[in-house]
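Biologist: Could you take me through a close look at how neighbouring chains meet in this assembly? I would love one connected account, with the symmetry included.

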There are 10 protein chains.
Amino acid sequence: MPKPELLVAFPTPAESPFVVEHVADEFTSVCPVTGQPDFGAVTVRFEPRPAKAGGLCVELKSLKTYLQSFRNEGIYYESVTNRIRDDLARLMDPTWMLVKTDWKVRGGIRSVVRASHGVVPGMWAT
Amino acid sequence: MPKPELLVAFPTPAESPFVVEHVADEFTSVCPVTGQPDFGAVTVRFEPRPAKAGGLCVELKSLKTYLQSFRNEGIYYESVTNRIRDDLARLMDPTWMLVKTDWKVRGGIRSVVRASHGVVPGMWAT
Amino acid sequence: MPKPELLVAFPTPAESPFVVEHVADEFTSVCPVTGQPDFGAVTVRFEPRPAKAGGLCVELKSLKTYLQSFRNEGIYYESVTNRIRDDLARLMDPTWMLVKTDWKVRGGIRSVVRASHGVVPGMWAT
Amino acid sequence: MPKPELLVAFPTPAESPFVVEHVADEFTSVCPVTGQPDFGAVTVRFEPRPAKAGGLCVELKSLKTYLQSFRNEGIYYESVTNRIRDDLARLMDPTWMLVKTDWKVRGGIRSVVRASHGVVPGMWAT
Amino acid sequence: MPKPELLVAFPTPAESPFVVEHVADEFTSVCPVTGQPDFGAVTVRFEPRPAKAGGLCVELKSLKTYLQSFRNEGIYYESVTNRIRDDLARLMDPTWMLVKTDWKVRGGIRSVVRASHGVVPGMWAT
Amino acid sequence: MPKPELLVAFPTPAESPFVVEHVADEFTSVCPVTGQPDFGAVTVRFEPRPAKAGGLCVELKSLKTYLQSFRNEGIYYESVTNRIRDDLARLMDPTWMLVKTDWKVRGGIRSVVRASHGVVPGMWAT
Amino acid sequence: MPKPELLVAFPTPAESPFVVEHVADEFTSVCPVTGQPDFGAVTVRFEPRPAKAGGLCVELKSLKTYLQSFRNEGIYYESVTNRIRDDLARLMDPTWMLVKTDWKVRGGIRSVVRASHGVVPGMWAT
Amino acid sequence: MPKPELLVAFPTPAESPFVVEHVADEFTSVCPVTGQPDFGAVTVRFEPRPAKAGGLCVELKSLKTYLQSFRNEGIYYESVTNRIRDDLARLMDPTWMLVKTDWKVRGGIRSVVRASHGVVPGMWAT
Amino acid sequence: MPKPELLVAFPTPAESPFVVEHVADEFTSVCPVTGQPDFGAVTVRFEPRPAKAGGLCVELKSLKTYLQSFRNEGIYYESVTNRIRDDLARLMDPTWMLVKTDWKVRGGIRSVVRASHGVVPGMWAT
Amino acid sequence: MPKPELLVAFPTPAESPFVVEHVADEFTSVCPVTGQPDFGAVTVRFEPRPAKAGGLCVELKSLKTYLQSFRNEGIYYESVTNRIRDDLARLMDPTWMLVKTDWKVRGGIRSVVRASHGVVPGMWAT
């Protein structure tokens with residue numbers, strides 16, 4: 001079961017704007033219909049608020065553990081993506097954030113789902 | 001014969017905006033002039049309406065079956081692309097949608113056709 | 001000698017906007033100065049007018065034959081590109097069109113020439 | 001139904017040894033169990049016998065038509081590969097031949113099957 | 001727990017030699033020391049015995065299910081590889097077989113393990 | 001310890017605008033928590049002010065030496081990036097600047113951090 | 001010594017806008033400090049003025065010879081780039097032009113310098 | 001018409017063995033059946049005899065001109081390959097030689113033909 | 001200082017032959033002449049002796065720590081390679097082993113050094 | 001003028017066999033016929049004799065300087081290759097050596113020349 005309580009944040013080290021991107025190529029969950037495992041890559045991209053506004057960054061190891069908590073969860077692609085977006089937005093309340101999940105081929109079709117929080121600038125949205 | 005009645009949709013799981021992309025690398029239909037098989041990849045990219053507005057997503061397995069229904073259909077590149085766009089727009093009525101078909105070489109020329117529904121943001125249009 | 005009379009168009013099958021791209025990797029003409037053969041790839045990208053506005057698409061086989069008519073023509077890169085743009089614009093009168101020619105190395109330099117018709121949207125211009 | 005009678009051969013044009021390779025990236029057949037379409041690439045590699053020994057080469061267009069005759073055939077990967085090897089060996093009786101089929105992902109697994117005729121030299125066998 | 005009893009074989013369809021290769025890019029097991037998930041790709045390559053010698057091929061869907069049975073198993077890279085080799089050799093008794101596992105980066109190091117059965121020809125061993 | 005005093009600048013050679021980009025693929029520092037070495041690539045991209053406005057460019061060899069001064073420093077990804085941005089902004093006071101750090105996989109996750117100075121045009125920000 | 005007098009222009013063949021790009025992968029000059037040779041690629045991209053406005057294009061062979069005149073010149077990256085921009089802008093007076101130089105690794109750092117003339121549209125500036 | 005009389009050779013500069021490879025990516029001839037142009041790449045690889053044995057190498061510019069003489073020739077893939085092998089073997093009488101032609105897709109099939117002279121070592125034959 | 005005492009081995013889990021390969025892309029040491037850091041990738045490939053012959057495999061984490069002990073060591077490419085080969089051969093006494101180091105560009109030249117122990121089969125030696 | 005006197009060797013650090021490879025991607029010389037610059041990559045691959053047999057390795061910086069001495073030399077591809085082979089063989093007298101030169105496109109043809117010393121094992125010869 002996804003465990004958002006595993007997520008830990010630390011204060012952003014800067015007042016100037018910056019963009020962080022984490023790509024986890026080793027994500028796996030389970031298809032809620034067939035019970036078969038799904039495999040994908042998860043990209044999290046965000047701009048933390050400035051330090052003086054209490055900006056936060058997700059801690060890398062806690063992100064890893066949180067993503068592992070989906071391992072035996074039966075859940076759809078679209079829900080995985082929106083769920084991670086919600087959990088991380090609640091943790092960090094960033095200026096903007098994009099969560100992208102990129103799934104391996106199923107039935108000859110590969111899928112990509114992107115969920116956003118705030119106004120993601122165009123060059124960061126794809 | 002293309003069978004839009006095979007398509008099934010499910011309610012979008014989120015109020016926040018998100019973008020879904022499905023790529024089927026194994027599409028085949030038949031050239032209406034020569035009777036020779038055509039091969040290509042079909043990309044479907046869309047933003048469902050929010051849940052509260054009745055937003056819908058196409059179900060992956062039904063998309064696969066629908067695309068297979070073109071297998072023995074004699075139909076031009078441009079018509080395939082516009083047909084899929086029409087059938088999916090009718091099913092989901094998304095905020096915007098892009099359908100792209102990417103065809104294998106014929107007579108030394110490879111072709112790509114893109115049809116859109118609604119206003120596709122620039123970074124999603126290519 | 002380039003033969004625009006070989007080009008054939010057919011009515012566009014849709015009212016909604018769509019974009020067509022044809023890439024011919026097997027183009028050859030002759031350098032007018034040295035008499036040596038030139039080799040390149042020709043990309044034609046356009047948005048036909050809507051069907052109700054009499055929109056037209058170039059027929060694929062006629063495009064192939066037209067491009068072959070440059071085979072023994074002595075002509076500069078820049079002129080090839082503008083010539084194809086002119087002939088296809090006359091045939092189809094599209095909403096916009098980009099013709100790109102991508103040439104093999106000559107004297108350690110490879111060249112790309114792009115000619116446009118109408119207002120080509122930024123994401124389609126390169 | 002696979003139609004070996006579509007295959008045509010022509011006399012090899014040389015006494016010296018040479019190796020021919022044809023790669024068809026657009027092969028499709030049907031899974032005999034699920035009825036789902038399979039997609040793959042077929043490679044045919046062979047050394048014809050010398051002209052004075054009655055060496056033959058498969059004609060390219062007839063090869064295309066023959067491969068298309070599997071389009072609606074329910075048949076396993078292993079049988080497709082051995083069947084093509086048998087039909088072409090019967091047609092050409094080459095010094096050696098390798099038939100390789102390279103299949104798209106099914107259930108997260110992609111497969112390659114290779115069948116040989118005569119003694120395929122090591123550098124040609126993979 | 002790895003379940004070799006999930007594996008199913010079918011009789012090879014040919015007397016002539018042929019080589020089968022299955023690549024599963026979606027393998028996961030668990031590190032027995034840290035409890036962290038490991039991710040890798042598993043390649044199985046073999047030459048079945050001739051039909052008249054009772055040659056067998058592993059059935060694709062059963063292979064998928066068998067590989068999934070490692071999902072929550074705590075097991076080392078070297079043991080995974082040798083275990084799969086042993087289970088498949090017992091099932092099919094092929095002329096030769098190579099099992100290769102290709103693991104994602106751990107501590108800045110990526111690893112590949114190959115285990116063989118019988119005499120694997122040089123061009124198939126890497 | 002990072003040594004900004006190693007950085008040297010030289011006057012920009014032009015009044016017209018231009019953009020400079022340096023990519024150091026061989027950056028290493030140390031994780032402040034685990035004491036393990038981190039490895040990454042550092043990209044510095046900037047537009048110097050015009051010569052008449054006292055524009056400056058960082059000298060290449062001094063940039064190399066400065067980046068090497070992080071070799072045994074225990075410091076987080078986000079801090080490395082912001083620190084380099086601050087040190088170079090202080091040295092050159094460019095019209096705009098982007099500093100990007102691209103880190104190798106840790107715990108199955110690879111990260112990219114980008115810090116900016118001034119208003120970075122969209123096409124330079126990624 | 002760079003010899004702009006080697007450059008030759010010819011009248012542009014069109015009234016409609018078009019973009020020309022030349023890429024010379026074989027550029028070499030000499031570092032003014034160490035006397036060591038530098039190697040790089042030079043890209044010249046421009047939109048000539050319309051024919052009726054006296055638009056000009058640089059002739060390809062003269063560009064090659066001009067670039068070769070830097071071979072034994074001791075000159076910095078930034079100066080090479082601005083110098084070529086100045087010489088070509090003087091020759092052609094284009095609507096806009098971008099000159100990009102892309103240099104091989106020195107001291108573990110690879111550099112790219114871009115100098116512009118006029119207002120380079122965003123999609124052409126990188 | 002292929003003109004072997006265009007070919008020129010020069011004496012090999014060495015007694016020790018060496019291997020020369022020329023790859024012409026810009027080859028074109030004409031299909032004798034359809035009259036359509038064919039496009040391909042021609043690789044010539046050989047070991048000249050030692051200088052004291054009168055070893056010869058084909059001169060590069062003459063090779064270019066010779067290959068251009070196929071431009072309007074109606075000729076099959078297999079014949080092109082064997083013809084070039086014969087003409088070059090006659091010119092140079094090398095210790096061994098391989099001629100490879102690599103053709104663009106026709107009817108969904110791409111072909112490669114290799115003709116050899118003398119005993120081509122295994123690592124040079126593919 | 002390289003610390004072979006950090007290396008730990010564990011008993012090989014199989015009697016049948018198998019090959020292990022570890023690739024560490026994050027190796028760094030110091031040039032003994034200039035004091036500048038060197039960066040490279042280290043590949044270790046070996047066949048452990050059978051279990052009954054006391055075969056051993058290097059433990060992955062200890063290999064990581066051992067390779068890190070070169071971080072501030074002034075040592076030549078050739079010596080690094082031979083040193084690692086010697087230390088690992090002493091630890092494991094494998095049937096055969098190859099150690100390859102692949103170094104980043106220095107002075108426009110990139111280098112690869114390979115040292116072997118025992119008789120490395122040809123397909124494993126490069 | 002090529003200056004073999006610039007080459008310096010140092011004693012090999014090992015009794016066990018090992019293979020060294022240096023790749024210089026920034027080689028340039030001059031065509032003796034046209035006076036135009038040629039550009040290429042030079043690969044030097046060799047096995048030094050054992051230390052007890054007086055084995056030697058070429059020093060990297062001296063190799064760089066030696067290769068630079070061809071910069072303004074008018075010399076053919078084949079002669080460059082054999083000359084480097086001869087100079088390095090005289091310096092080091094290795095067990096075996098391969099010198100490969102890989103040249104940029106001239107007249108639509110790219111060339112590769114390989115010269116060997118001693119008996120180069122097959123897997124090292126290409």
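Modeller: Happy to! One definition before the symmetry: copies are superposed by least squares on the C-alpha atoms of residues with pLDDT of at least 70 in both. That cut-off belongs here, as this is a predicted model.

Let's start with chains A and B. Chain A superposes on chain B through a rotation of 72 degrees with 0.0 Å of shift along its axis, at an RMSD of 0.0 Å. Such a relation is that of a five-fold axis. Within chain A, A:M123 has the C-alpha nearest the axis, at 6.4 Å from it. The two copies use different surfaces, for 5% of the contact residues of chain A recur in chain B.

Now for the contact itself. Here 20 residues of chain A meet 20 residues of chain B. On the side of chain A that touches chain B, the elements giving two or more residues are α2 (77–92) and β6 (109–117) of chain A. The largest share of that side is from β6(A), with nine residues. By residue class, this side of chain A holds five nonpolar, ten polar and five charged residues.

The strand β6(A) also pairs across the boundary: seven bridges join β6(A) to β2 (residues 18–30) of chain B, and the two run antiparallel. To place yourself in this pairing, look for A:I109, which stands opposite B:A24 in β2(B).

Next, turn to chains I and E, where we can look from the side that carries β2. Chain I brings 20 residues to this contact, and chain E brings 20 residues as well. On the side of chain I that touches chain E, β2 (18–30) and α1 (60–68) of chain I each supply at least two residues. The element that gives the most to this side is β2(I), with nine residues. The side of chain I that touches chain E divides into twelve nonpolar, three polar and five charged residues.

Strand pairing appears here too. Strand β6 (residues 109–117) of chain E is joined to β2(I) by seven bridges, and these strands run antiparallel. A handy landmark is E:R114, which stands opposite I:V19 in β2(I).

Finally, some pairs of chains stay apart. Chain D and chain J do not touch, with their nearest C-alpha atoms 12 Å apart. Chain E and chain J do not touch either, and their nearest C-alpha atoms are likewise 12 Å apart.

How values were computed: Residues numbered from 1 in each chain as written. Chains lettered and ligands numbered in written order. Predicted model: local features only at pLDDT ≥ 70, side-chain atom pairs only at ≥ 80, totals over all residues. Contact = placed C-beta atoms within 7 Å. Helix = DSSP H or I, 4+ residues; strand = E, 2+ residues; numbered from the N terminus. Nonpolar A, V, L, I, M, F, W, Y, C, P; charged D, E, K, R; others polar. Pairing = 2+ DSSP bridges.
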